[in-house]
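Please open the model in the viewer and follow the stops below in order.

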Amino acid sequence: MMNLTAKDLDVLSHLLTGEEMACKKARVYANTLTDVALAEEMERISQAHAARFQALYQMIGGSK
């Protein structure tokens with residue numbers, strides 16, 4: 001784990017929350033859209049947000 005300040009942890013917490021929300025919303029859209037191409041794009045976007053969430057989480061010492 002890196003030596004993170006309280007401010008760093010606060011910023012990372014906000015980023016984690018944003019990535020988690022964006023991932024969930026994109027998944028909902030992917031499951032709701034009837035256009036297959038758009039649904040697939042939303043799933044890719046969801047996966048990208050999930051990957052960023054995981055990278056941020058590991059910065060604070062979280063495990064996979």
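Helices (H or I, at least four residues) and strands (E, at least two) are DSSP runs, numbered from the N terminus. The model is predicted: local features need pLDDT of at least 70 and side-chain atom pairs pLDDT 80 or more, whereas totals for chains, interfaces and linings use all residues. Residues are numbered from 1 along each chain as its sequence is written, and side-chain values use heavy atoms, without hydrogens and water.

Select the whole protein chain, which has 2 helices and 0 strands. Its radius of gyration, taken over C-alpha atoms, is 14 Å, well over the 11 Å given for 64 residues by the globule rule (2.2 Å times the number of residues to the power 0.38), so the chain is more spread out than a compact globule. The C-alpha atoms fill a box of roughly 45 × 20 × 10 Å along the principal axes.

Next, select helix α2 (residues 36-59), where Phe 53 and Tyr 57 lie 4 residues apart, about one turn of the helix. Show their side chains: the structure holds 1 aromatic pair (ring centres within 6.5 Å, Trp being represented by its six-membered ring). The ring centres of Phe 53 and Tyr 57 are 6.1 Å apart and the planes meet at 10 degrees, so the pair is stacked (planes under 30 degrees apart). Phe 53 is partly exposed (from 20% to 50% relative accessible area, 1.4 Å probe, protein chains only), at 22%. Tyr 57 is also partly exposed, at 33%.

Finally, select Val 28, which is in helix α1 (residues 6-32).

Technical notes. Rings of Phe, Tyr and Trp (its six-membered ring) pair if their centres lie within 6.5 Å; planes under 30 degrees apart count as stacked, over 60 as edge-to-face and the rest as tilted.
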